[in-house]
Amino acid sequence: MASELTAEKPKDAALPPLDPIRAGEPLLSVRDLRVQFKTDDGLLKAVDGVSYDVYPNEVVGIVGESGSGKSVSSLAVMGLLPKSAKVTGEIIFRGHDLLNMPESDRRKLRGGRIAMVFQDALAALNPVFTVGDQIGEAIGAHQPPMAKSAKRKLAVDLLDLVGIPNPSARIDQFPHEFSGGMRQRAMIAMSIANEPDVLIADEPTTALDVTIQAQVLEVLERIQDRTNSAIVLITHDLGVVAGVADRVMVMYAGRPVEMSTVDEIFYHPRHPYTIGLMASLPRLDDRGSKSERLYRIKGQPPSLIFVPPGCPFNPRCEFALLPEPCATVRPDLELVEHTYGRHIVACHRRHEMAKIHPDELHADAGAELEVVEDAAAVSAVEASALDELSAPVPEEGT
Amino acid sequence: MKTEGEMNLSGATTEDKVVTAAPDLPASEISLAPLQAGANEPPARSQWNLFLRRFRRHKLAVGSLIVLVLLYLAVSFPNLTAPYPRHLPLSLPKGPNGKHWLGTDDLGNDQLTLMIYAAHLSMTIGLLVAIISTVIGTFVGALAGYFGGWVDQVLMRITDLFLVVPALAIIAVAQVGLSNKSLPVVGKISSGTLIVGIVAIVFWMYIARVVRGLFLSLKEKEFIEAARASGASSWRIMFRHILPNTIGPIVVNTTLIVAQAILLESTLSFLGLGIKPPAVSLGSMMSDAEQWVGTHNAYLIYFPGLLLLVIVLCVNFLGDGLRDAFDPQSSKH
Amino acid sequence: MLTFIVRRVAYSIPVLLVASLLVFVFVRATNDPLARYAQSRDLTLRAREGLSQGILEQPCRTFTAGSPPTKAETCTKAPVLKQYWYWLSHFVQGKLGQSFVTNRAVSADIRSSFGNTLQLLIWGVLLSALLAIGIGVFSAVRQYSIPDYLFTGLSFVGLSMPPFWFGLIAIDFFSSRLSSILHKNYPIFYSIGLHGIHKAGLIAGIGDYARHLALPVATLCVQIVAEWSRYQRSSMLDVMSADYIRTATAKGLPRRRVIFKHALRNALIPLVTVMALDIGGLFGGLVVTEAIFSIHGMGALFLNALNNGDTQTILPWLMITATFVILFNLLADVIYGALDPRIRLT
């Protein structure tokens, strides 16, 4: 079954010639991506300068609250945003800028080389067609015409691969006849039908029970082992990222605030927002037992039309220096010292934050932090941080 | 409205320079960082002001309302506005000319004058039908929705009947059966009054169904529970607490009934089942003129129909604007 | 499926019974079937008619009175429920009585009219559905384009126009003026009846049929196309913003396939319900259309019976219409179930 799946790489008849995939070179490079919508109240900047790379065979986690731009940025990569969205920047996939590509070529990449798994599989699967029909359609859209029976066999194999029991019977059922976890698996089966180079999974586990969540994540990992796809995993849940991702980008108010390997982020978080997210994770060990209650980041995510001046996180930040500089100057992404791989952070107090451990947030740690007068000592490290925004994952971290 | 303009301006300018966002943003309108909240809030806008603002934005509806009001005023005083007396000496029909702008009908009467009288009758019938059916429909619908029970059952069964038997047929049967007869209580009535009564009897059920649905869903809401818990009487809850929240849909549907009633009256009158001479409506004018279709006197068909089209079109535009203003969600397309 | 249909038919019987009672009482209350004997000097006729319709009942009394002496007969009036039962028991046996207007059996009148009406209805519904779906999909896909605004404007006009006026203008223009413009001495589109009087070959026959049918069908449809196309447009717009449309696009399907396979199929589901609800209204439209175009169908039969006080025809007309509407609703439910796998028809 598996050999048939991987034996012949599906080929699109008229795909533009893509660069070969080489280890150590990014498959997908996003540079200064901006997505804006015109609204009655003003310009809504859903994504405001996002840059990241995705390398072959890695899992990149993008973490943030709803409205942080994480989903919009990946919809921009897929080319699925409505016409009203103004998308600028560069999205380079295997040597081609997707934003300057004719729609017909982009369509061939979409679902073929770059595929997406959506959050709510019940809404994302068409209610009036069978699961098999919808998977078969994905195959048919990118592979040379094949017999109906062959297509059906492929679809059954895919359902089997994602762990749906009795796939040859299930294939003729409608989405509403599947359970939540099954639907999500079917959705994944559909998205990997053409063995994409990049698989974007947008909150694939959010709508599911915890046990089912684990199963679905496990399916994603298995898929990756088999197909060597790179996976971009979008989630609001740091816990999900911890288990699966190699590298993590934390987003806030449409822009990245911190980015590094998963170990670096978990052991040495620098941005107060990341630290806050970490502190709000429930833990099974006793480290967080100082206080019974979980930490909550105070306040609401900002409006993307009226983003707070300075650091967008400053109104909610326990460590903000107000008003100068946090409420006036917007911090850039800068390189900081790291143990488990390149680490960039957008925070005025990035060096002092090294001393803060998420657990301390349970106690009122914010006020005790000292102000470092001179950060010049580390400025050399920061110099070229933005140019090399995201380097390959160093092996030593994992 | 002045504050509106200022607000939009400040919104636009701050957008260009995010870093120095002015503190006087409309904090109540969008979720802002807590820092900026409360600095300079615009005065709290009541539902009514919001409604007016949204309605005014709907140019077509505002224009339609103006046209309708002016037109109704004009046709309400035929002594001032009609160019000729209602009845002129008998003569052959003549096409539009300098003396008679819209020509004369087959009895030699001035068509523009006739149309003024006819439009007044048609519009009045539409208005009366809408008002009567809204009053009755709201009352019955409120009772049925709030209390349920037999009122509800009877209402639903009768309205079900109108889903299977064509309303036009029912109205036509009643119209023919009851015209020129002495009725109980009211005695002998004019064809116009009869048509108002009969059409209203059909249309009130439509409003009642709408109001019933609204009451059914609203009576479960928290603020009604709260009113009930505080000991308000059912009567008070129905008409003080729930009814104000149903005004939007009711007004919209009342407007649509005006349009429907005008169309229905014209159709009945055209079929000879509605307005009878000496009264004249736009529909009966066209009924009289049907014989001239295909001849050079066909203008007798075109003008009354055009006026009717303009009236109903304006009412429908108005209804559309009202719907948008009451419920912006409904108009996203 | 079969159980569903059987069940639905069984459910509609009480609905029809209640409808028949209400309709009967209503018609009796508003129209007196014996009114035309009011001026008659021979009261025997009135009694005979009343007895045959179950309005009057025995015992009857015969007497001779007046000058010149007339033979008269008076009977007691039956209570309305008894009248209803009399009428219903005859109706279900197919005994619809005789129309005094046409002097034919009412059942024969209805049979001969129904065929013509059915032609109008079927072509009308078919054409309306096709046009409305086409316009609705086009407008939704090209939302806020000039054609979209044009169609939206036209649909407002269509909804705001009395259909009979449209019919009159259509006759005036397409049946009369167009011929003189084209210098033809025959009408391009006919305004009377459904067939020409001369026998024609197959091709010419179809052409003749189409030229007869075009204007009445258009008159019947104008309002319904306007309404359905608006409905289809908004339903299509709703569907187009659904998640599964995004998924279909994300699969790399061509836009045309996304629209016509994924979106249209879902957008048709709510339209079916609206179409079913409007069938009753179409019968009302038939009255107007058939009157203007002199078509001997159900609508004309109704109008004729009504103007002559022929309740013998009106009562079965209303009941047959109601049955037909219920059947159409059943058909709509079956289509609905076929379109939406989430609905299980049991």
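Colleague: Leaving aside its neighbours within four places in sequence, which residues is R142(C) in contact with?

Modeller: A good place to start, bearing in mind that this is a predicted model. Beyond its sequence neighbours, R142(C) is in contact with P147(C) and D148(C). As for its setting, R142(C) is found in the loop between α4 (106-141) and α5 (146-160) of chain C.

Colleague: And is R142(C) buried, exposed or partly exposed?

Modeller: The idea is to count the other C-beta atoms within 10 Å, where 20 or more means buried and 12 or fewer means exposed. R142(C) has 13 such atoms, so it is partly exposed.

Colleague: How should I read confidence in chain C, and which elements have the lowest and highest mean pLDDT?

Modeller: The general caution is that predicted coordinates should not be read in detail where pLDDT is low. For chain C the mean pLDDT is 84, and 93% of its residues reach 70 or more. Among its elements, strand β2 (residues 70-77) of chain C has the lowest mean, 69, while α5(C) has the highest, 93. For the model as a whole, the scores are ipTM 0.87 and pTM 0.81.

Colleague: Let's turn to helix packing. At roughly what angle do the axes of α1(C) and α3(C) cross?

Modeller: With a helix pair, take the axes, then the angle, then the residues. Helix α1 (residues 2-30) of chain C and helix α3 (residues 80-92) of chain C have axes that come within 10 Å and cross at roughly 120°. That crossing makes α1(C) oblique to α3(C), and its hand is right-handed. On the α1(C) side, the contact is made by S20(C), L21(C), F24(C), V25(C) and R28(C), and on the α3(C) side by V80(C), Q83(C), Y84(C), W87(C) and L88(C). By class, these residues divide into seven nonpolar, two polar and one charged.

Colleague: What does the same reading give for α2(B) and α13(B)?

Modeller: Helix α2 (residues 47-57) of chain B and α13(B) have axes that come within 8 Å, crossing at roughly 135°. This makes α2(B) oblique to α13(B). The crossing of α2(B) and α13(B) is right-handed. In detail, F51(B), R54(B) and F55(B) of α2(B) meet G321(B), L322(B), D324(B), A325(B) and F326(B) of α13(B). The contact has five nonpolar, one polar and two charged residues.

Colleague: Now the chain interface. How many residues of chain B are in contact with chain C?

Modeller: Interface size is often given as the accessible area lost when the parts come together, but here we can work from residue contacts. There are 34 residues of chain B in contact with 40 residues of chain C. On the chain B side, the elements giving two or more residues are α6 (149-164), α7 (167-178), α11 (247-270) and α13 (299-326) of chain B. Of these, α7(B) gives the most, with nine residues. The side of chain B that touches chain C has 25 nonpolar, seven polar and two charged residues.

Colleague: To finish, how many helices and strands do chain A and chain B have?

Modeller: Chain A comes to 13 helices and twelve strands, whereas chain B has 13 helices and two strands. For burial, 49% of the 398 residues of chain A count as buried, and 42% of the 333 residues of chain B do. For contact range, look at contacts with a separation of 6 or more: in chain A, 69% of them join residues 24 or more positions apart. In chain B, 65% of the contacts between residues at least 6 apart join residues at least 24 apart.

Definitions and conventions. Residues are numbered from 1 along each chain as its sequence is written. Chains are lettered from A and ligands numbered from 1 in the order in which they are written. This is a predicted model: local features need pLDDT of at least 70, side-chain atom pairs count only at pLDDT 80 or more; totals for chains, interfaces and linings use all residues. Helices (H or I, at least four residues) and strands (E, at least two) are DSSP runs, numbered from the N terminus. Two residues are in contact if their C-beta atoms, placed from the backbone, lie within 7 Å. pLDDT is the predictor's confidence in each residue, from 0 to 100. Ala, Val, Leu, Ile, Met, Phe, Trp, Tyr, Cys and Pro count as nonpolar, Asp, Glu, Lys and Arg as charged, and the others, Gly among them, as polar. Axes are lines fitted to C-alpha atoms, for helices over the stretch in contact, and angles run from 0 to 180 degrees between N-to-C directions. Angles under 35 degrees count as roughly parallel, over 145 as roughly antiparallel, 65 to 115 as roughly perpendicular and the rest as oblique. A crossing is left-handed if the near helix is turned anticlockwise from the far one by less than a right angle, and right-handed if clockwise.
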